[in-house]
Amino acid sequence: MRKIILVIYGLSILVLASGCGITKGNGNAAGNNTKNAGYAGNSNSEKLGVYQTVDYPGYKDADELVGSTDLVFSGTVYEKRCELLDDRTDKSGSIPDEEKTLCTVYGVYIDKVYKGDIEKDMVYVSVTGGELEKDNRIYSGETVNLDIDNRYLFFASDYSDYGEEYLKMVNVHQSAYSMDDEGNKKRITAVGNDSGITLSEIFEVIGK
């Protein structure tokens with residue numbers, strides 16, 4: 001089970017951070033449209049930084065990764081945004097923003113499902129971390145950085161603590177692999193990190 005640790009610290013900010021905002025693609029990787037959905041604030045005020053670190057399970061090889069994952073699918077990212085989400089089982093009462101989980105959410109057009117049952121052509125996939133400014137606080141944490149209009153292989157859970165509209169990536173190191181450069185797939189590893197598992201090893205397991 002993942003464990004979230006919060007580190008709160010003071011920040012003197014001279015320029016207002018834009019945060020994650022909302023970024024949407026238009027089907028052309030060279031022409032993305034970005035809409036800033038951040039929050040207004042005093043650019044000269046001292047802001048409180050809230051940093052989240054999360055412990056995730058890791059997988060030793062492709063067999064374990066594929067075998068332990070509910071959903072494996074490929075798709076193209078068309079939207080990216082950051083949100084503070086409530087992962088409590090009982091959401092009957094509200095909680096402060098600093099007790100919520102910072103997540104980066106990707107909108108993905110699915111082109112192929114390798115494992116699991118996905119009936120939609122488009123899904124929202126969440127992963128912890130990112131950066132968001134709200135109410136004089138800057139929330140940040142390690143995340144998976146994917147590019148709009150690029151195609152990836154995703155590993156996700158079919159159950160999300162954040163609501164039925166979200167799928168949840170398995171971790172921040174082994175949950176998304178680039179599929180745009182097929183010629184290099186024997187040495188591609190998880191986006192932004194060396195996962196220890198190559199894409200070619202994954203497809204060998206999927207093809208068994």
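**Group meeting: cores, a pocket and two loop residues**

Asp 149 is buried, with a relative accessible area of 15%. I start there because the cut-off for buried is under 20%, and Asp 149 at 15% falls within it. The residue sits in the loop between β9 and β10. Its phi is near 75°, a positive value in a residue other than glycine. As background, most residues other than glycine have a negative phi.

There is another aspartate to set beside it. Asp 135 is in the loop between β8, residues 130–134, and β9, residues 137–141. Phi of Asp 135 is near 50°, again positive and again not a glycine. Is Asp 135 buried or exposed? It is exposed, at a relative accessible area of 52%.

Before going further, a word on confidence. This is a predicted model. The average pLDDT over the chain is 78, and 73% of the residues score at least 70. Residues 11–18 have pLDDT below 50, although the stretch has 23 contacts in the model beyond near neighbours in sequence. Residues 28–44 are also below 50, with 32 contacts counted in that way. Where pLDDT is low, the predicted coordinates should not be read in detail.

Now the interior. The largest nonpolar core has 20 residues, and those touching the most other members are Phe 73, Val 77, Val 108, Val 123, Leu 146, Phe 154 and Met 169. Which elements give two or more residues to this core? They are β5 (71–85), β6 (101–115), β7 (122–128), β10 (151–157) and β11 (166–169). A second, separate core has 14 residues, including Tyr 59, Leu 65, Val 66 and Phe 155. In soluble globular proteins, nonpolar side chains tend to be buried together.

Take Val 123, from the list of core residues with the most contacts to other members. Leaving aside neighbours within four places in sequence, Val 123 is in contact with Phe 73, Tyr 106, Gly 107, Val 108, Ile 110, Ile 118 and Leu 167. Two of those names, Phe 73 and Val 108, are on the core list as well.

Val 123 also lines the second largest pocket, together with Leu 71, Asp 117, Ile 118, Glu 119, Lys 120, Tyr 124, Asp 158, Glu 164, Glu 165, Tyr 166 and Leu 167. That pocket holds about 220 Å³ of space. β7 and β11 each supply at least two residues of the lining. How many of the lining residues are nonpolar, polar and charged? Six are nonpolar, none polar, and six charged.

Two more valines to finish. Val 105 lies in strand β6 and is buried, with a relative accessible area of 0%. Apart from neighbours within four places in sequence, Val 105 is in contact with Glu 79, Lys 80, Arg 81, Glu 83, Tyr 124, Val 125, Ser 126 and Tyr 166. Of these, Tyr 124 and Tyr 166 are among the residues lining the second largest pocket. The C-alpha atoms of Val 105 and Lys 168 are 9.2 Å apart, with these positions 63 residues apart along the chain.

Val 50 is in strand β4, residues 46–55. Why does Val 50 count as buried? Its relative accessibility is 0%, and the cut-off is under 20%. Its C-alpha atom is separated by 7.4 Å from that of Glu 98, and the two residues are 48 apart along the chain.

Terms used: Residues numbered from 1 in each chain as written. Predicted model: local features only at pLDDT ≥ 70, side-chain atom pairs only at ≥ 80, totals over all residues. Heavy atoms only, no water. Core = buried A, V, L, I, M, F, W, Y, C linked by side-chain atoms within 4.5 Å. Buried < 20%, exposed > 50% of the residue type's maximum accessible area, 1.4 Å probe, protein only. Helix = DSSP H or I, 4+ residues; strand = E, 2+ residues; numbered from the N terminus. Contact = heavy atoms within 4.5 Å. pLDDT = per-residue confidence, 0-100. 1 Å grid on protein atoms, 1.4 Å probe; cavity = no way out; pocket = protein on both sides within 12 Å on 5 of 7 lines; lining within 4 Å. Points joined across faces, edges and corners; volume = space filled by probe spheres on them. Nonpolar A, V, L, I, M, F, W, Y, C, P; charged D, E, K, R; others polar.
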